[in-house]
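User: Could you take a close look at the salt bridges here and walk me through them carefully?

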Amino acid sequence: MSQQRKALWEAELDEDLQDVDLNLAIGSYGQSGLYDDAQSRIDEATLLAVQQQMAQQAAFSQIPDVVKRFIVHFHQAVLDNNLAEITVAYESGWNRLTEKFYSKTEWPEAEVIAPLVNDDQIFLILYRELYYRHVYSRLQPDIDDRFHSYENSCELFNYLLNSDGPVPLELPEQWLWDIIDEFIYQYQAFCVWRSKVKSKTDEELILLADASQVWSSYSVLNVLYSLIQKSKINEHLSALQEGKKAEEIAEIVGEFGVRPLYRMLGYFSLIGLLRVHSLLGDFTLALKVMESIELNQKSPFTRVTACHVTTYYYVGFCYIMLRRYPDAIRAFVSILNFILRMRQYHTRSYQYDQINKTADRMYALFAICNALSPTRLDDNISGIVKERYGEQFSKMSRGEEGIPAFEELFLYACPKFISANPPPYDDAELLAAYVEDPPVEPAQRHLALFLSEVRSQAPVPTLRSFLKLYASLDAKKLANFLDADEEEMVQQMMVMKQASRSVSRVENEKGLLDGQTISTSDLDFVIDDNMVHIAESTVGRRYAGWFIRNTEHAQRVFDTLRNAPLPALPKLNAAPVATSGTSDAPASAPRTGGQRVAWGGVKTA
């Protein structure tokens with residue numbers, strides 16, 4: 001069935017949609033000479049409207065017929081709440097037509113295609129959401145695009161949140177996630193663009209001064225929290241964890257929460273808050289809002305691959321900034337192994353490139369975590385990390401010498417942090433002072449905080465390398481190795497002791513912030529008078545992974561040999577030689593002894 005639906009958007013889309021009469025859909029735009037003689041009597045507003053209408057008519061005529069048929073069918077699928085057809089149109093049809101007709105230009109504006117959809121304002125809002133997403137991803141948005149995309153987002157969320165009851169609209173989960181994800185991305189892009197004062201024109205400065213609330217942090221957070229409150233998603237997740245029945249859950253969440261549209265928008269808004277608070281630098285609150293969501297393969301966010309990857313990326317990064325490196329490593333290993341297993345599936349996803357870029361950043365963060373908290377590595381992940389970041393990884397284990405490597409990987413892999421407050425565009429004097437002495441970039445502030453932790457642990461790798469050589473060692477001798485006096489040596493040992501302790505989640509803990517203090521190092525020591533006694537714990541080798549990898553390799557070799565053609569049999573041209581004493585036997589008598597030749601070897605009969 002899915003193949004039949006997908007075929008709808010193949011080629012020119014002309015077989016299944018020939019019965020659509022576009023002339024009936026768009027009406028007549030002919031002027032019939034109405035303005036030929038009365039041009040002087042038309043006021044300026046009417047003339048402008050006529051010119052706009054003529055421009056829209058000209059733009060409409062430029063739209064390919066296949067695109068017109070697609071929009072008509074897409075609109076009908078939305079009207080019918082046909083999730084199957086909406087999904088095919090959204091994930092396949094839209095992207096195919098984008099690649100064919102609009103890879104380097106904008107889609108037709110909503111006002112141009114409005115006659116095709118009977119001026120359906122709800123569909124036009126959804127169409128503009130796709131339109132501006134295309135502008136942000138493929139083109140360079142100007143200030144009008146940034147403002148209008150915000151206005152369209154406000155219209156969409158006002159429609160969903162301020163209606164008297166649940167709206168009669170059903171959208172696939174992938175689209176619902178993309179709505180939340182793109183809303184936050186456009187907010188992030190606007191904040192980054194807004195902070196670059198020197199590149200603004202005079203017109204842009206005036207517009208920014210008059211529109212201080214456009215893409216404000218308050219409005220974005222208000223939307224996300226309102227969706228969570230309207231859907232009662234936290235209550236829904238808590239009820240599920242308590243094992244309540246569907247009827248009890250429906251009574252708890254109310255008429256909005258039982259609808260998949262509101263439930264999934266509320267759920268994705270929780271992950272959106274994780275991202276927004278991370279961008280604003282509040283990593284504790286970012287993990288706090290996720291306390292109702294369980295990080296496992298059965299959670300709803302795993303049904304949308306992009307959401308799955310985003311969730312683990314920001315959770316792992318928050319753990320890094322909170323110095324909880326074991327938890328960060330577990331998060332990265334889990335999602336990176338998932339991406340490796342599902343690599344072939346991702347190649348069929350239109351978000352394949354974005355998923356790969358995020359995965360590459362997580363490999364860099366994984367390298368940082370392992371340098372700060374050495375642990376037993378996953379073989380698959382460690383191999384890829386050494387291949388991509390082997391040079392930086394070796395430098396990061398050399399103490400102070402590795403600081404530039406930490407800085408390089410952090411700036412590459414961290415999110416694009418934003419400032420919650422815009423520059424003072426409404427005050428010329430303050431704006432001039434802002435330009436003269438700009439504040440520190442958010443990314444540089446977080447980098448400085450991160451590097452302060454790295455520098456405090458700089459002596460640890462050197463000290464660790466000496467302690468691994470001995471079972472017990474005189475303190476004075478160790479101090480000589482470190483080129484330090486005994487007091488400084490003790491300070492370094494205390495730093496190492498502190499670095500080997502971390503708060504980490506344990507099994508069955510609910511919140512992402514919960515945890516217990518554990519030892520993260522395989523090396524421990526005690527100081528007794530002037531002697532340092534070292535204890536190193538060794539972990540037995542795990543053979544399961546080795547056997548699995550070699551079994552898979554043997555299976556691939558076997559399959560290759562089995563599918564290969566058999567070798568051609570050699571031609572025997574030599575005449576048979578008679579054996580003495582057996583001249584009476586027929587020449588063609590079968591052999592009853594000796595060796596039999598078989599393909600691949602010799603068998604003894």
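**Salt bridges in the chain**

Analyst: In this predicted model, a network of salt bridges links Glu-129, Arg-133 and Asp-178. The structure as a whole holds 16 salt bridges, and a few individual pairs can be followed one by one.

Consider Arg-303 and Glu-173, whose side chains meet in a salt bridge with an N to O distance of 2.9 Å. This pair links distant parts of the chain, since Arg-303 lies in the loop between α15 (283-288) and α16 (305-321), while Glu-173 belongs to helix α9 (residues 173-194), and the two are 130 residues apart. Arg-303 has a relative accessible area of 52%, and because exposed means over 50%, Arg-303 is exposed. Its partner Glu-173, at 26% relative accessibility, counts as partly exposed.

A further salt bridge joins the side chains of Arg-324 and Asp-327, at 2.8 Å from N to O. Here Arg-324 has a relative accessibility of 6%, so it counts as buried, the cut-off being under 20%. Asp-327, with a relative accessibility of 4%, counts as buried too.

Finally, Arg-388 forms a salt bridge with Asp-360, and the closest N and O atoms of this pair are 2.6 Å apart. The pair again links distant parts of the chain, with Arg-388 in helix α20 (residues 379-396) and Asp-360 in helix α19 (residues 352-372), 28 residues apart. As for its surroundings, Arg-388 counts as partly exposed, at 42% relative accessibility.

Conventions. Residues are numbered from 1 along each chain as its sequence is written. This is a predicted model: local features need pLDDT of at least 70, side-chain atom pairs count only at pLDDT 80 or more; totals for chains, interfaces and linings use all residues. Side-chain values use heavy atoms; hydrogens and water are left out. A salt bridge is a side-chain nitrogen of Lys or Arg within 4 Å of a carboxyl oxygen of Asp or Glu. Helices (H or I, at least four residues) and strands (E, at least two) are DSSP runs, numbered from the N terminus. Buried means under 20% relative accessible area, exposed over 50%, partly exposed in between (1.4 Å probe, protein chains only).
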